[in-house]
Amino acid sequence: MGNTQSPESDPRFVSARRAFTQHYLDDLRSLFQSLAAQSQSNSKFISPSIFQEYCGIKGPLGQIMFDLVTQKRNDQKLTFEDLVIAKSVYEKGTRNEIDEFIYQLLDVNGDDIVDRSDLEAVITAMLDAVFSSSDAGPVSSSPQGISDIFLNAATFSDKVEGHDKSNMSFKDFKSWCSLLPSVRKFLGSLLMPPNPGKPGIEVPRLLYPEDTSADLLILRREYAWHIAGALSQHEAEEWKLLYHSSLHGLSFNTFMGNITMAEGPTLLIIKDKEGCIYGGYASQPWERHSDFYGDMKSFLFQLFPQASIYRPTGANTNLQWCAISFSSESIPNGLGFGGKVHHFGLFLSASFDQGQTFSCTTFGSPCLSKESRIYPEVIECWGVLPNGGQKDKQDVLKGTVLDRFKEDRNMLNLVGIANSIQ
(Lines give C-alpha, C1' and ligand atoms only; values in the text may rest on other atoms or scores of the structure.)
Protein backbone atom coordinates (compact mmCIF):
# COMPACT_ATOMS: atom_id res chain seq x y z
CA MET A 1 0.00 0.00 0.00
CA GLY A 2 2.92 2.29 0.70
CA ASN A 3 4.01 1.92 -2.96
CA THR A 4 0.65 3.06 -4.34
CA GLN A 5 1.06 6.35 -6.22
CA SER A 6 -1.87 8.78 -6.21
CA PRO A 7 -2.79 10.34 -9.58
CA GLU A 8 -1.89 13.81 -8.32
CA SER A 9 1.69 12.67 -7.59
CA ASP A 10 2.18 10.82 -10.88
CA PRO A 11 5.07 12.76 -12.50
CA ARG A 12 3.62 12.21 -15.99
CA PHE A 13 0.30 13.75 -14.95
CA VAL A 14 1.95 16.60 -13.05
CA SER A 15 4.07 17.42 -16.09
CA ALA A 16 1.17 17.02 -18.54
CA ARG A 17 -1.21 19.35 -16.72
CA ARG A 18 1.34 22.17 -17.01
CA ALA A 19 0.68 22.20 -20.77
CA PHE A 20 -2.84 23.57 -20.18
CA THR A 21 -4.49 26.54 -18.51
CA GLN A 22 -6.64 25.95 -15.45
CA HIS A 23 -9.69 26.99 -17.44
CA TYR A 24 -8.92 24.32 -20.07
CA LEU A 25 -8.39 21.69 -17.36
CA ASP A 26 -11.74 22.63 -15.78
CA ASP A 27 -13.46 22.21 -19.16
CA LEU A 28 -11.67 18.90 -19.66
CA ARG A 29 -12.81 17.76 -16.22
CA SER A 30 -16.42 18.64 -17.11
CA LEU A 31 -16.10 16.67 -20.35
CA PHE A 32 -14.63 13.71 -18.51
CA GLN A 33 -17.43 13.73 -15.92
CA SER A 34 -20.06 13.83 -18.66
CA LEU A 35 -18.53 10.89 -20.54
CA ALA A 36 -17.92 8.98 -17.29
CA ALA A 37 -21.57 9.44 -16.34
CA GLN A 38 -22.60 7.99 -19.70
CA SER A 39 -20.24 5.10 -18.96
CA GLN A 40 -22.16 4.43 -15.68
CA SER A 41 -18.90 4.27 -13.74
CA ASN A 42 -19.78 6.55 -10.81
CA SER A 43 -17.75 9.27 -12.57
CA LYS A 44 -14.53 7.27 -12.18
CA PHE A 45 -13.68 6.32 -15.77
CA ILE A 46 -14.79 6.36 -19.41
CA SER A 47 -15.64 3.06 -21.08
CA PRO A 48 -14.27 2.08 -24.52
CA SER A 49 -17.67 2.34 -26.24
CA ILE A 50 -18.42 5.85 -24.91
CA PHE A 51 -14.90 7.03 -25.75
CA GLN A 52 -15.17 5.71 -29.32
CA GLU A 53 -18.60 7.29 -29.76
CA TYR A 54 -17.25 10.64 -28.56
CA CYS A 55 -14.28 10.48 -30.96
CA GLY A 56 -16.43 9.27 -33.84
CA ILE A 57 -14.28 6.20 -34.51
CA LYS A 58 -15.09 2.54 -33.96
CA GLY A 59 -13.58 -0.85 -34.71
CA PRO A 60 -9.83 -1.55 -34.63
CA LEU A 61 -8.81 2.12 -34.94
CA GLY A 62 -11.07 3.14 -32.07
CA GLN A 63 -9.75 0.31 -29.91
CA ILE A 64 -6.07 1.07 -30.52
CA MET A 65 -6.74 4.74 -29.77
CA PHE A 66 -8.36 3.75 -26.47
CA ASP A 67 -5.42 1.45 -25.66
CA LEU A 68 -2.87 4.19 -26.32
CA VAL A 69 -4.73 6.78 -24.25
CA THR A 70 -5.01 4.31 -21.34
CA GLN A 71 -1.29 3.49 -21.71
CA LYS A 72 -2.11 -0.12 -22.69
CA ARG A 73 -3.19 -1.15 -19.17
CA ASN A 74 -5.91 -3.37 -20.66
CA ASP A 75 -8.28 -2.56 -17.78
CA GLN A 76 -10.85 -0.93 -20.11
CA LYS A 77 -10.90 2.19 -17.90
CA LEU A 78 -9.92 5.62 -19.17
CA THR A 79 -9.24 7.99 -16.27
CA PHE A 80 -9.06 11.77 -16.16
CA GLU A 81 -5.31 11.51 -15.72
CA ASP A 82 -5.07 9.33 -18.86
CA LEU A 83 -6.95 11.98 -20.83
CA VAL A 84 -4.72 14.83 -19.68
CA ILE A 85 -1.50 12.90 -20.34
CA ALA A 86 -2.64 11.80 -23.81
CA LYS A 87 -3.78 15.29 -24.79
CA SER A 88 -0.52 16.83 -23.61
CA VAL A 89 1.37 14.64 -26.09
CA TYR A 90 -1.21 14.42 -28.87
CA GLU A 91 -2.08 18.12 -28.91
CA LYS A 92 0.77 19.96 -27.20
CA GLY A 93 3.79 17.83 -28.02
CA THR A 94 6.45 18.56 -30.61
CA ARG A 95 5.69 17.66 -34.22
CA ASN A 96 7.84 14.56 -33.86
CA GLU A 97 6.12 13.48 -30.60
CA ILE A 98 2.71 13.85 -32.21
CA ASP A 99 3.84 11.90 -35.27
CA GLU A 100 5.19 9.14 -33.01
CA PHE A 101 1.84 8.92 -31.24
CA ILE A 102 -0.07 8.76 -34.54
CA TYR A 103 2.37 6.19 -35.93
CA GLN A 104 1.51 3.88 -33.02
CA LEU A 105 -2.18 4.14 -34.00
CA LEU A 106 -1.45 2.28 -37.22
CA ASP A 107 -0.47 -0.95 -35.43
CA VAL A 108 -4.06 -2.12 -35.06
CA ASN A 109 -2.98 -5.80 -34.96
CA GLY A 110 -0.76 -5.08 -31.96
CA ASP A 111 2.24 -7.04 -33.25
CA ASP A 112 4.66 -4.07 -33.42
CA ILE A 113 4.56 -4.27 -37.22
CA VAL A 114 2.72 -1.78 -39.42
CA ASP A 115 1.95 -3.77 -42.55
CA ARG A 116 -0.56 -3.41 -45.38
CA SER A 117 -3.38 -5.09 -43.44
CA ASP A 118 -2.94 -2.62 -40.56
CA LEU A 119 -3.05 0.32 -42.93
CA GLU A 120 -6.09 -1.06 -44.74
CA ALA A 121 -8.00 -1.34 -41.45
CA VAL A 122 -7.09 2.23 -40.51
CA ILE A 123 -8.09 3.62 -43.92
CA THR A 124 -11.41 1.74 -43.86
CA ALA A 125 -12.24 3.09 -40.39
CA MET A 126 -11.20 6.57 -41.46
CA LEU A 127 -13.35 6.60 -44.60
CA ASP A 128 -16.32 5.23 -42.63
CA ALA A 129 -15.96 8.04 -40.08
CA VAL A 130 -15.61 10.78 -42.70
CA PHE A 131 -18.33 9.68 -45.11
CA SER A 132 -20.91 7.97 -42.88
CA SER A 133 -22.87 11.20 -42.50
CA SER A 134 -21.50 13.24 -45.36
CA ASP A 135 -23.68 14.24 -48.30
CA ALA A 136 -21.20 16.35 -50.19
CA GLY A 137 -21.42 14.75 -53.62
CA PRO A 138 -21.17 11.54 -55.62
CA VAL A 139 -19.60 8.59 -53.80
CA SER A 140 -17.48 5.90 -55.33
CA SER A 141 -19.25 2.65 -56.15
CA SER A 142 -16.10 0.75 -55.17
CA PRO A 143 -15.07 1.28 -51.50
CA GLN A 144 -12.21 -1.20 -51.92
CA GLY A 145 -10.91 0.78 -54.89
CA ILE A 146 -10.96 3.96 -52.81
CA SER A 147 -9.00 2.31 -49.98
CA ASP A 148 -6.46 1.11 -52.50
CA ILE A 149 -5.62 4.59 -53.83
CA PHE A 150 -4.46 5.59 -50.33
CA LEU A 151 -2.70 2.27 -49.75
CA ASN A 152 -0.87 2.65 -53.05
CA ALA A 153 0.78 5.83 -51.77
CA ALA A 154 2.41 3.91 -48.89
CA THR A 155 5.91 2.44 -48.73
CA PHE A 156 6.86 -0.57 -46.58
CA SER A 157 10.65 -0.49 -46.64
CA ASP A 158 11.49 -2.45 -43.46
CA LYS A 159 11.96 -6.19 -43.83
CA VAL A 160 10.97 -7.90 -40.59
CA GLU A 161 13.18 -10.79 -39.54
CA GLY A 162 11.23 -14.01 -39.12
CA HIS A 163 8.17 -12.62 -40.91
CA ASP A 164 7.03 -12.57 -44.49
CA LYS A 165 5.64 -9.08 -43.83
CA SER A 166 7.24 -5.75 -44.66
CA ASN A 167 6.95 -2.98 -42.10
CA MET A 168 6.12 0.68 -42.68
CA SER A 169 8.98 2.45 -40.94
CA PHE A 170 8.50 5.77 -39.12
CA LYS A 171 10.23 7.47 -42.06
CA ASP A 172 7.82 5.71 -44.46
CA PHE A 173 4.92 6.89 -42.31
CA LYS A 174 6.02 10.54 -42.41
CA SER A 175 6.44 10.36 -46.17
CA TRP A 176 2.95 8.83 -46.52
CA CYS A 177 1.43 11.64 -44.45
CA SER A 178 3.16 14.29 -46.56
CA LEU A 179 1.49 12.81 -49.65
CA LEU A 180 -1.88 12.52 -47.91
CA PRO A 181 -2.45 15.64 -45.78
CA SER A 182 -6.13 14.74 -45.32
CA VAL A 183 -5.07 11.49 -43.62
CA ARG A 184 -2.59 13.34 -41.37
CA LYS A 185 -5.27 15.89 -40.39
CA PHE A 186 -7.78 13.15 -39.56
CA LEU A 187 -5.40 11.02 -37.51
CA GLY A 188 -4.14 14.14 -35.74
CA SER A 189 -7.57 15.20 -34.48
CA LEU A 190 -9.09 11.98 -33.09
CA LEU A 191 -9.34 13.31 -29.53
CA MET A 192 -11.55 16.13 -30.73
CA PRO A 193 -15.34 15.65 -30.76
CA PRO A 194 -16.83 15.04 -34.23
CA ASN A 195 -18.21 18.32 -35.55
CA PRO A 196 -18.26 20.15 -38.91
CA GLY A 197 -15.12 22.13 -38.06
CA LYS A 198 -13.01 19.15 -37.00
CA PRO A 199 -9.78 18.93 -39.06
CA GLY A 200 -9.65 15.99 -41.42
CA ILE A 201 -13.38 15.55 -41.96
CA GLU A 202 -14.02 18.45 -44.34
CA VAL A 203 -15.62 17.17 -47.54
CA PRO A 204 -16.30 19.97 -50.05
CA ARG A 205 -19.87 20.18 -51.31
CA LEU A 206 -19.76 19.63 -55.06
CA LEU A 207 -22.11 21.93 -56.98
CA TYR A 208 -23.10 20.99 -60.51
CA PRO A 209 -26.23 21.30 -62.71
CA GLU A 210 -29.17 19.20 -61.54
CA ASP A 211 -29.53 17.61 -64.97
CA THR A 212 -25.91 16.39 -64.87
CA SER A 213 -25.49 12.74 -63.91
CA ALA A 214 -23.09 12.21 -61.02
CA ASP A 215 -21.71 9.20 -62.90
CA LEU A 216 -20.34 11.59 -65.50
CA LEU A 217 -18.06 13.36 -63.02
CA ILE A 218 -14.43 12.47 -62.43
CA LEU A 219 -14.36 14.19 -59.05
CA ARG A 220 -15.86 11.86 -56.45
CA ARG A 221 -16.30 13.05 -52.88
CA GLU A 222 -13.43 10.83 -51.65
CA TYR A 223 -11.15 12.51 -54.18
CA ALA A 224 -12.45 15.91 -53.05
CA TRP A 225 -11.69 15.03 -49.41
CA HIS A 226 -8.16 14.01 -50.39
CA ILE A 227 -7.50 17.30 -52.24
CA ALA A 228 -9.13 19.40 -49.52
CA GLY A 229 -6.57 18.15 -47.02
CA ALA A 230 -4.04 20.47 -48.68
CA LEU A 231 -6.32 23.50 -48.36
CA SER A 232 -7.57 25.75 -45.59
CA GLN A 233 -10.99 25.09 -44.10
CA HIS A 234 -12.69 27.99 -45.89
CA GLU A 235 -11.40 26.68 -49.24
CA ALA A 236 -12.88 23.25 -48.57
CA GLU A 237 -16.54 24.21 -48.30
CA GLU A 238 -18.00 24.39 -51.81
CA TRP A 239 -16.60 23.65 -55.25
CA LYS A 240 -18.54 24.46 -58.40
CA LEU A 241 -18.24 22.65 -61.74
CA LEU A 242 -17.15 25.21 -64.34
CA TYR A 243 -16.19 22.98 -67.25
CA HIS A 244 -16.62 19.34 -68.26
CA SER A 245 -15.45 18.13 -71.66
CA SER A 246 -18.40 15.76 -72.04
CA LEU A 247 -20.84 18.61 -71.43
CA HIS A 248 -19.05 21.49 -73.14
CA GLY A 249 -16.88 19.73 -75.71
CA LEU A 250 -13.09 19.45 -75.91
CA SER A 251 -12.62 23.15 -76.55
CA PHE A 252 -9.89 25.38 -75.13
CA ASN A 253 -11.91 28.51 -75.98
CA THR A 254 -15.00 27.19 -74.19
CA PHE A 255 -12.86 26.23 -71.22
CA MET A 256 -11.34 29.71 -70.96
CA GLY A 257 -14.77 31.29 -71.37
CA ASN A 258 -16.31 29.15 -68.63
CA ILE A 259 -13.56 29.63 -66.08
CA THR A 260 -13.86 33.43 -66.24
CA MET A 261 -16.82 32.79 -63.92
CA ALA A 262 -14.41 31.56 -61.26
CA GLU A 263 -13.97 33.99 -58.38
CA GLY A 264 -11.12 32.13 -56.76
CA PRO A 265 -8.75 29.20 -57.26
CA THR A 266 -9.57 26.35 -59.62
CA LEU A 267 -8.97 22.61 -59.85
CA LEU A 268 -7.99 21.18 -63.23
CA ILE A 269 -8.62 17.42 -63.36
CA ILE A 270 -7.71 15.08 -66.20
CA LYS A 271 -8.63 11.47 -66.82
CA ASP A 272 -6.41 10.15 -69.61
CA LYS A 273 -6.86 7.23 -71.96
CA GLU A 274 -4.64 5.09 -69.73
CA GLY A 275 -7.26 5.42 -66.98
CA CYS A 276 -5.05 7.58 -64.73
CA ILE A 277 -6.60 10.57 -62.96
CA TYR A 278 -4.57 13.59 -61.83
CA GLY A 279 -4.47 17.35 -62.01
CA GLY A 280 -3.44 20.62 -60.44
CA TYR A 281 -4.71 23.26 -58.05
CA ALA A 282 -4.31 26.72 -59.57
CA SER A 283 -4.26 29.37 -56.87
CA GLN A 284 -4.20 32.20 -59.43
CA PRO A 285 -6.65 32.93 -62.30
CA TRP A 286 -5.94 31.40 -65.69
CA GLU A 287 -4.73 34.49 -67.57
CA ARG A 288 -2.57 34.97 -70.66
CA HIS A 289 1.16 35.04 -69.87
CA SER A 290 4.28 34.46 -71.91
CA ASP A 291 6.10 32.91 -68.95
CA PHE A 292 5.45 31.05 -65.69
CA TYR A 293 3.55 32.86 -62.94
CA GLY A 294 1.56 31.96 -59.81
CA ASP A 295 2.33 31.55 -56.13
CA MET A 296 3.39 28.85 -53.69
CA LYS A 297 -0.20 27.80 -52.95
CA SER A 298 -0.48 25.84 -56.20
CA PHE A 299 0.13 22.09 -56.18
CA LEU A 300 -0.18 18.93 -58.27
CA PHE A 301 -2.14 15.85 -57.26
CA GLN A 302 -2.88 12.28 -58.23
CA LEU A 303 -6.26 10.62 -57.68
CA PHE A 304 -6.05 7.23 -59.40
CA PRO A 305 -4.52 4.64 -59.20
CA GLN A 306 -2.71 6.41 -56.36
CA ALA A 307 -3.70 9.39 -54.23
CA SER A 308 -0.93 11.93 -53.62
CA ILE A 309 -0.40 15.66 -53.15
CA TYR A 310 2.76 17.38 -54.36
CA ARG A 311 3.36 20.84 -52.93
CA PRO A 312 5.95 23.38 -54.14
CA THR A 313 9.46 22.54 -52.98
CA GLY A 314 10.84 26.06 -53.42
CA ALA A 315 13.32 24.82 -56.02
CA ASN A 316 11.93 27.36 -58.52
CA THR A 317 8.85 29.54 -59.16
CA ASN A 318 7.68 27.81 -62.34
CA LEU A 319 4.27 27.25 -60.82
CA GLN A 320 1.51 28.04 -63.31
CA TRP A 321 1.43 28.40 -67.10
CA CYS A 322 -1.26 29.85 -69.35
CA ALA A 323 -0.24 30.70 -72.91
CA ILE A 324 -2.92 31.78 -75.39
CA SER A 325 -2.47 32.55 -79.11
CA PHE A 326 1.31 32.78 -79.14
CA SER A 327 3.05 31.91 -82.41
CA SER A 328 6.49 31.11 -80.99
CA GLU A 329 7.48 27.48 -80.42
CA SER A 330 9.23 28.59 -77.25
CA ILE A 331 5.86 29.58 -75.78
CA PRO A 332 3.59 26.53 -76.20
CA ASN A 333 -0.10 27.40 -76.05
CA GLY A 334 -2.00 25.65 -73.28
CA LEU A 335 -2.23 25.24 -69.51
CA GLY A 336 0.47 23.88 -67.26
CA PHE A 337 2.12 23.48 -63.87
CA GLY A 338 5.76 23.20 -62.86
CA GLY A 339 8.91 22.01 -64.58
CA LYS A 340 10.10 24.00 -67.57
CA VAL A 341 8.94 24.75 -71.09
CA HIS A 342 8.45 21.51 -73.08
CA HIS A 343 9.17 19.55 -69.89
CA PHE A 344 6.26 20.44 -67.61
CA GLY A 345 5.15 18.76 -64.43
CA LEU A 346 1.74 18.79 -66.11
CA PHE A 347 0.76 20.41 -69.41
CA LEU A 348 -2.44 20.39 -71.45
CA SER A 349 -2.11 21.59 -75.04
CA ALA A 350 -4.53 24.26 -76.30
CA SER A 351 -5.81 21.63 -78.74
CA PHE A 352 -7.04 19.74 -75.63
CA ASP A 353 -6.20 16.44 -77.33
CA GLN A 354 -2.75 15.87 -75.83
CA GLY A 355 -0.34 16.98 -73.15
CA GLN A 356 2.61 15.89 -71.07
CA THR A 357 3.67 15.10 -67.53
CA PHE A 358 7.28 14.77 -66.40
CA SER A 359 8.91 14.49 -63.01
CA CYS A 360 9.70 18.01 -61.86
CA THR A 361 11.60 19.71 -59.06
CA THR A 362 8.99 22.49 -58.77
CA PHE A 363 6.67 20.15 -56.89
CA GLY A 364 8.93 17.17 -56.28
CA SER A 365 6.41 15.20 -58.33
CA PRO A 366 6.89 12.13 -60.53
CA CYS A 367 5.33 11.57 -63.93
CA LEU A 368 1.62 11.60 -63.01
CA SER A 369 0.55 9.00 -65.59
CA LYS A 370 1.92 5.78 -67.05
CA GLU A 371 3.63 7.67 -69.88
CA SER A 372 5.01 11.19 -70.21
CA ARG A 373 2.87 11.88 -73.28
CA ILE A 374 -0.80 12.03 -72.24
CA TYR A 375 -4.03 11.86 -74.21
CA PRO A 376 -7.00 13.24 -72.24
CA GLU A 377 -10.27 11.36 -72.24
CA VAL A 378 -12.13 13.69 -69.86
CA ILE A 379 -11.22 17.17 -68.61
CA GLU A 380 -12.92 18.89 -65.68
CA CYS A 381 -12.45 22.22 -63.99
CA TRP A 382 -13.93 23.15 -60.61
CA GLY A 383 -14.03 26.58 -59.03
CA VAL A 384 -13.21 26.82 -55.33
CA LEU A 385 -15.79 29.03 -53.62
CA PRO A 386 -14.21 30.57 -50.53
CA ASN A 387 -16.36 30.77 -47.40
CA GLY A 388 -18.67 33.75 -47.59
CA GLY A 389 -18.24 34.25 -51.32
CA GLN A 390 -21.86 33.51 -52.06
CA LYS A 391 -23.08 35.62 -49.15
CA ASP A 392 -21.01 38.60 -50.25
CA LYS A 393 -22.56 38.38 -53.70
CA GLN A 394 -26.06 38.26 -52.21
CA ASP A 395 -25.32 41.26 -50.00
CA VAL A 396 -24.27 43.27 -53.04
CA LEU A 397 -27.59 42.56 -54.75
CA LYS A 398 -29.75 43.40 -51.72
CA GLY A 399 -32.17 46.34 -51.98
CA THR A 400 -34.13 47.78 -54.86
CA VAL A 401 -32.69 49.53 -57.88
CA LEU A 402 -33.82 52.83 -56.34
CA ASP A 403 -32.00 52.03 -53.09
CA ARG A 404 -28.80 51.34 -54.96
CA PHE A 405 -29.25 54.50 -57.05
CA LYS A 406 -29.65 56.54 -53.84
CA GLU A 407 -26.46 55.01 -52.49
CA ASP A 408 -24.63 55.90 -55.70
CA ARG A 409 -26.09 59.44 -55.60
CA ASN A 410 -24.94 59.94 -52.01
CA MET A 411 -21.44 58.95 -53.06
CA LEU A 412 -21.56 61.44 -55.92
CA ASN A 413 -22.72 64.17 -53.52
CA LEU A 414 -19.62 63.54 -51.46
CA VAL A 415 -17.42 64.54 -54.39
CA GLY A 416 -19.67 67.47 -55.39
CA ILE A 417 -20.85 66.31 -58.80
CA ALA A 418 -24.38 65.05 -58.10
CA ASN A 419 -25.97 68.22 -59.54
CA SER A 420 -24.56 67.44 -62.95
CA ILE A 421 -26.98 64.53 -63.40
CA GLN A 422 -30.19 66.30 -62.19
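**Exercise 1. Lys87 and its partners**

The side chains of Lys87 and Glu91 form a salt bridge, with 2.6 Å from N to O. The model is predicted. Work out where Lys87 sits, whether Lys87 is buried or exposed, and what else Lys87 touches.

*Solution.*
- Step 1: place the residue. Lys87 belongs to helix H5, residues 80–90.
- Step 2: check burial. Buried means under 20% relative accessible area. Lys87 has 6% relative accessibility, so Lys87 counts as buried.
- Step 3: check the salt-bridge partner. Glu91 is at 31% relative accessibility and therefore counts as partly exposed.
- Step 4: look for a polar contact. The side chain of Lys87 makes one with the side chain of Tyr24, at 3.5 Å.
- Step 5: list contacts beyond four places in sequence. Lys87 touches Phe20, Tyr24, Leu28, Lys92 and Leu191.

**Exercise 2. Salt bridges**

How many salt bridges are there? Which residues do salt bridges with shared partners join into one network?

*Solution.*
- Step 1: count. There are 6 salt bridges.
- Step 2: take Arg184 and Asp99. Their side chains meet in a salt bridge at 3.0 Å, N to O. Arg184 is in helix H10 (residues 181–187) and Asp99 is in helix H6 (residues 95–105), so the pair ties together parts that lie 85 residues apart in sequence. Both Arg184 and Asp99 are buried.
- Step 3: find the network. Salt bridges with shared partners link Arg73, Asp75 and Asp82 into one network.
- Step 4: inspect one pair of that network. Arg73 and Asp82 meet through their side chains at 2.7 Å, N to O. Arg73 is partly exposed, at 36% relative accessible area. Asp82 is buried, at 2%.

**Exercise 3. The buried side of H13**

Which residues of helix H13 are buried, and why do they lie on the same side of H13?

*Solution.*
- Step 1: list them. In H13 (residues 252–259), the buried residues are Phe252, Phe255, Met256, Asn258 and Ile259.
- Step 2: use the arc. These residues cover an arc of only 165 degrees around the axis, which puts them on the same side of H13.
- Step 3: name what they pack against. Their partners include helix H12 (245–248), strand E4 (238–244), strand E5 (266–272) and strand E14 (376–385). Strand E9 (320–323) and strand E10 (334–340) are also among them.
- Step 4: look at the N-terminal end. Ser251 caps that end of H13, with a side-chain oxygen 3.5 Å from the backbone nitrogen of Asn253.

**Exercise 4. Two sheets and one helix**

In what order do the strands of each open sheet run, and at what angles does H13 meet E4 and E10?

*Solution.*
- Step 1: take the sheet of 7 strands. The sheet is open, with mixed pairing, in the order E3-E4-E14-E5-E6-E7-E8. Strand E3 (205–207) and strand E8 (308–310) are the edges, each pairing on one side only. On average, neighbouring strands of this sheet are turned by 25 degrees against each other, direction ignored.
- Step 2: zoom in on a pair. E5 and E14 run antiparallel and are joined by 7 bridges. Leu267 has Trp382 of E14 as its bridge partner.
- Step 3: add the helix. H13 packs on this sheet and touches E4, E5 and E14; the direction of H13 makes about 155 degrees with that of E4.
- Step 4: take the sheet of 5 strands. The order is E9-E10-E11-E12-E13, open and antiparallel. Its edges are E9 and strand E13 (373–374). Strand E12 (residues 355–356) is joined to E13 by 2 bridges. Gln356 has Arg373 of E13 as its bridge partner.
- Step 5: finish the angles. H13 lies across E9 and E10, at about 85 degrees to E10.

Conventions:
Residues are numbered from 1 along each chain as its sequence is written. This is a predicted model: local features need pLDDT of at least 70, side-chain atom pairs count only at pLDDT 80 or more; totals for chains, interfaces and linings use all residues. Side-chain values use heavy atoms; hydrogens and water are left out. Buried means under 20% relative accessible area, exposed over 50%, partly exposed in between (1.4 Å probe, protein chains only). Helices (H or I, at least four residues) and strands (E, at least two) are DSSP runs, numbered from the N terminus. The arc is that of the directions from the helix axis to the C-beta atoms. Contact means heavy atoms within 4.5 Å. A polar contact is a pair of N or O atoms within 3.5 Å; within protein, one must be able to donate a hydrogen and the other to accept it, and residues adjacent in sequence count only if both atoms are side-chain atoms. Two strands pair if DSSP finds at least two bridges between them. Axes are lines fitted to C-alpha atoms, for helices over the stretch in contact, and angles run from 0 to 180 degrees between N-to-C directions. A salt bridge is a side-chain nitrogen of Lys or Arg within 4 Å of a carboxyl oxygen of Asp or Glu.
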